[in-house]
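Please examine the following model with attention to its loops, its interior and its surface.

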Amino acid sequence: MPIREDELRLLSRQAMPILDDRPCKSCGYNLRGLKTDQKCPECGKPIAGPKDIPRYSDQMVHAPLQWLKRFNVGCVMLFWAGVLMVISSLVLIIEPHTIPAGFFALGTTLWACGAWIAVSARPMTKAMAIDPAKEWRSSRIWSRWTQVCWPISAVLVIACLDTDGSLRNGLLFAVGTASVIGLVGFWPMGMILSNLSYWASDTELADHLRNASWLAVVGIIATAAFVYLSMIGVLGGVFGSILMLLAWAGGIIFPMGYGMVGLYKLWRMSHWVLLNHVTADARDERLRARASRVLQQPSAKPPTADRPR
């Protein structure tokens with residue numbers, strides 16, 4: 001979980017290099033290449049005044065409250081959407097029907113919305129030296145638009161239930177293609193969520209999500225290879241069926257379960273960070289109120305001794 005505040009205080013004294021274009025607040029001079037503890041070479045004003053220096057180092061717990069709330073909502077949507085997708089897809093395999101297909105469509109829609117929210121760019125804070133909107137930009141775009149393929153595949157599944165013949169086969173191919181694109185898009189999304197976990201100093205969760213991303217890619221390749229070998233007749237009979245079952249269990253079920261555990265931990269981590277942020281804000285508010293009351297109290301005059309006449 002995130003490190004203690006006393007450890008964060010030690011990191012807050014370190015000067016941060018400015019790697020992006022940032023104008024001076026006084027004269028507008030471009031401060032790129034300087035450090036936050038230096039002065040502007042144009043006007044001589046400090047780059048970061050006392051009020052501009054954060055309490056601690058750059059951590060997720062110090063992000064704006066609205067961003068933390070939105071990130072927590074995205075994590076909650078991802079986890080419960082994943083649960084709904086897994087259960088409804090298993091029911092669809094056993095008994096194809098419009099009811100589990102409808103739940104699968106609902107789960108995929110929630111999943112796409114949750115992915116869109118959870119991989120949002122980090123908010124710009126005063127402790128950052130670069131613009132967070134530019135980091136992981138291509139991965140963020142790829143992960144967002146590929147996860148939209150999941151609700152598309154759900155709509156195609158519902159269409160397959162009402163069709164027959166060649167049209168049904170064509171729709172099944174489209175379902176498989178959209179699902180593969182969605183699974184491939186899980187890799188950059190998992191990497192972004194892993195980096196956000198590192199930002200929260202939860203290294204265990206970050207490594208878990210990174211491993212889940214690679215497991216998804218390995219599972220896709222292994223499953224596709226076994227399906228292709230089965231279609232061309234290389235794998236047949238009882239031996240081929242056993243290998244297909246092992247590929248389905250090792251390439252789909254295990255990565256899926258491993259990823260769901262990571263999503264659950266991500267949800268709990270986002271809740272923990274949000275709770276810590278609210279608690280710290282409430283504590284600071286109490287300290288400010290106490291200091292204000294002390295300043296408003298009239299200063300007591302020292303007692304004077306009576307002088308003898």
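In which loop does Ser201 lie? Ser201 is placed in the loop between H6 and H7, where helices (H or I, at least four residues) and strands (E, at least two) are DSSP runs numbered from the N terminus. This is a predicted model, in which local features need pLDDT of at least 70 and side-chain atom pairs count only at pLDDT 80 or more, while totals for chains, interfaces and linings use all residues. Residues are numbered from 1 along each chain as its sequence is written, and side-chain values use heavy atoms, with hydrogens and water left out.

The phi angle of Ser201 is near 65 degrees, a positive value in a residue other than glycine. Ser201 is buried, its relative accessible area being 15%; buried denotes under 20% relative accessible area, exposed over 50%, and partly exposed the range in between (1.4 Å probe, protein chains only). Trp136, in the loop between H3 and H4, also has a positive phi, near 55 degrees. Trp136 is partly exposed, with a relative accessible area of 26%.

The loop between H3 and H4 also holds a salt bridge, formed by the side chains of Glu135 and Arg122 (2.6 Å, N to O). The term requires a side-chain nitrogen of Lys or Arg within 4 Å of a carboxyl oxygen of Asp or Glu, and by this rule the count comes to 1. Because both partners lie in the loop between H3 and helix H4 (137–147), the pair ties together parts that are 13 residues apart in sequence. Glu135 is buried, at 13% relative accessible area, and Arg122 likewise counts as buried at 13%.

Attention now turns to the interior. The largest nonpolar core (buried Ala, Val, Leu, Ile, Met, Phe, Trp, Tyr and Cys residues joined through side-chain atoms within 4.5 Å) has 43 residues, and Met60, Phe71, Trp111 and Leu193 have the most contacts inside it. H2 gives the most to this core, with 9 residues. Leaving aside neighbours within four places in sequence, Met60 is in contact (heavy atoms within 4.5 Å) with residues including Trp67, Phe71, Trp199 and Met269.

At the surface, Leu90, Ile93, Ile94 and Ile253 make a nonpolar patch of about 400 Å². Patches comprise residues with over 30% relative accessible area and no salt bridge, like charges being joined within 9 Å and nonpolar side chains (Val, Leu, Ile, Met, Phe, Trp, Tyr) within 5 Å. Helix H2 (residues 65–94) gives the most to this patch, with 3 residues. Leu90, found in helix H2, is partly exposed at 35% relative accessible area.

Notes. Areas by Shrake-Rupley, 256 points an atom, 1.4 Å probe, with all protein chains shown as cover.
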